[in-house]
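Hi,

Here is the structure I promised to pass on. Have a look at it first, and then read my notes underneath.

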Amino acid sequence: MARVHYDGSFEVNKPRDVVYNFLIDPRNIASIIPGVESVDVIDPDNFKVKASLGVGAIKGTVNITARFTEKKPPESAKVVGRGSGMQSTMDFEIGFRLEEAGSGRTRVNWYFDGNIGGLIGSMGARVLDPVAQRIVQDSVEKLRQRLS
């Protein structure tokens, strides 16, 4: 089992309520994450995602079931989920907290905590970290662009 944790923050030129509404729509978030093939929104709190990933020599599809466990408009939200595929499993929690940064700007504070088991989890942080960091960096940059 490999544990991963990433967090960060950035500012955008949008009001907090606009940013919040963008971030709680799984289709918006899926559109910025590399490899996402489809999103099925079941109801306002539950959704499924299908994504293609590659970690080292292992490539395949991951199916994810996720749900919002907390929504505090326009301040914060939290999602928990579970994914499986490529002879691996992943449990995760993603959250964000929004702060007004003045002049219609919003500071987005975010985190991702995950536990990865199975074949990919056995590879350890040395193999997982560069792949995960690239996905996180690409996603955050696309998010900043979409919200600017």
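A quick definition to start: a salt bridge here is a side-chain nitrogen of Lys or Arg within 4 Å of a carboxyl oxygen of Asp or Glu. Keep in mind that this is a predicted model.

By that rule there are seven salt bridges. One of them pairs the side chains of R16 and E100, at 3.8 Å from N to O. That pair ties together distant parts of the chain, since R16 sits in helix α1 and E100 in strand β6, 84 residues apart. E100 counts as exposed, at 63% relative accessibility. Another joins R82 and D91 at 2.6 Å, N to O; R82 is partly exposed at 43% relative accessible area, and D91 is partly exposed too, at 31%. Elsewhere, E11, R105 and R107 form one network through salt bridges that share partners.

Now the inside. The structure has one cavity of 30 Å³ or more, with a volume of about 1200 Å³. Its lining has 48 residues, and I33, F92, I94, F112 and I135 are the closest to the centre. Helix α4 contributes the most to that lining, with eight residues. By type, the lining splits into 40 nonpolar residues, seven polar and one charged.

Finally, the largest nonpolar core has 36 residues, and L23 and F96 have the most contacts inside it. Elements giving two or more residues to this core include β1, α1 and α4. Leaving out residues up to four places away in sequence, F96 touches several residues, among them Y20, L23, I24 and W110.

Cheers

Terms used:
Residues are numbered from 1 along each chain as its sequence is written. This is a predicted model: local features need pLDDT of at least 70, side-chain atom pairs count only at pLDDT 80 or more; totals for chains, interfaces and linings use all residues. Side-chain values use heavy atoms; hydrogens and water are left out. On a 1 Å grid over the protein atoms alone, a cavity is a set of points where a 1.4 Å probe fits but cannot get out, and a pocket is an open set with protein on both sides within 12 Å along at least five of seven lines; lining residues have an atom within 4 Å of a point. Grid points are joined across faces, edges and corners, and a volume is the space filled by probe spheres set on the points. Helices (H or I, at least four residues) and strands (E, at least two) are DSSP runs, numbered from the N terminus. Ala, Val, Leu, Ile, Met, Phe, Trp, Tyr, Cys and Pro count as nonpolar, Asp, Glu, Lys and Arg as charged, and the others, Gly among them, as polar. A nonpolar core is a set of buried Ala, Val, Leu, Ile, Met, Phe, Trp, Tyr and Cys residues joined through side-chain atoms within 4.5 Å. Buried means under 20% relative accessible area, exposed over 50%, partly exposed in between (1.4 Å probe, protein chains only). Contact means heavy atoms within 4.5 Å.
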